Amino acid sequence: QVQLVESGGGSVQSGGSLRLSCDVSGYTYSRYCMGWFRQAPGKEREGGAVIDGAGSTSYADAVKGRSTLSQDNAKNTLDLQMNGLKPDDTALYYCAARGGTYRPLSLLLQWSSLFRYWGQGTQVTVSS
């Protein structure tokens with residue numbers, strides 16, 4: 001059974017940084033895609049960043065230049081380092097995974113329904 005568990009959320013002031021972590025268990029796909037999505041109150045879920053098993057990445061414009069994905073295959077973790085946080089970044093952040101590759105990778109940012117596995121989310125709150 002695949003399980004994704006997020007951690008690292010919290011409350012920070014504008015301009016601060018957070019590192020979100022996703023612990024993955026029960027995942028046996030040799031080819032896969034993983035990503036971070038977020039959902040703010042009253043808004044639809046939106047893609048933040050995605051990565052595939054080969055290490056290719058794609059970032060949404062809203063976080064590009066301020067966020068960096070990193071995966072540790074030995075530890076089965078996917079981290080999202082976020083810098084220069086803004087109040088607009090306030091949201092519940094979800095880790096997601098799917099088997100297989102996808103091209104172009106950027107389309108996965110728009111279609112969260114293509115991800116089969118989801119974590120419960122970790123809250124990020126940025127105050128001005």
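Helices (H or I, at least four residues) and strands (E, at least two) are DSSP runs, numbered from the N terminus. The model is predicted: local features need pLDDT of at least 70, side-chain atom pairs count only at pLDDT 80 or more, and totals for chains, interfaces and linings use all residues. Residues are numbered from 1 along each chain as its sequence is written, and side-chain values use heavy atoms, with hydrogens and water left out.

**Exercise 1.** Determine where Glu-6 lies and which backbone nitrogens its side chain reaches.

*Solution.* Step 1: Glu-6 belongs to strand E1, residues 3-7.

Step 2: A polar contact is a pair of N or O atoms within 3.5 Å; within protein, one must be able to donate a hydrogen and the other to accept it, and residues adjacent in sequence count only if both atoms are side-chain atoms. The Glu-6 side chain reaches the backbone nitrogen of Cys-95 at 2.8 Å and that of Gly-121 at 2.9 Å.

Step 3: Contact means heavy atoms within 4.5 Å. Leaving aside residues up to four places away in sequence, Glu-6 touches residues including Cys-22, Trp-36, Cys-95 and Gly-121.

**Exercise 2.** Identify the disulfide and state which parts of the chain it ties together.

*Solution.* Step 1: A disulfide is a pair of cysteine sulfur atoms within 2.5 Å. One is found in a search of the whole structure.

Step 2: Its partners are Cys-22 and Cys-95, with sulfur atoms 2.1 Å apart. Because Cys-22 lies in strand E3 (residues 18-25) and Cys-95 in strand E9 (residues 91-99), the pair ties together parts that are 73 residues apart in sequence. The link is left-handed, with -80° about the S-S bond.

Step 3: Buried means under 20% relative accessible area, exposed over 50%, and partly exposed in between (1.4 Å probe, protein chains only). Cys-22 has 0% relative accessibility and therefore counts as buried; Cys-95, also at 0%, counts as buried.

**Exercise 3.** Explain why Cys-33 forms no bond with the closest cysteine sulfur.

*Solution.* The closest cysteine sulfur is in Cys-95, and at 12 Å from the sulfur of Cys-33 it is too far for a bond. Cys-33 is buried, with a relative accessible area of 0%.

**Exercise 4.** Describe the surroundings of strand E9.

*Solution.* Step 1: Seven of the nine residues of E9 are buried, so this strand is largely enclosed by the rest of the structure.

Step 2: Two strands pair if DSSP finds at least two bridges between them. Strand E4 (residues 32-39) runs antiparallel to E9 and is joined to it by eight bridges; Tyr-32 stands opposite Gly-99.

Step 3: Three bridges link E9 with the antiparallel strand E11, residues 122-127.
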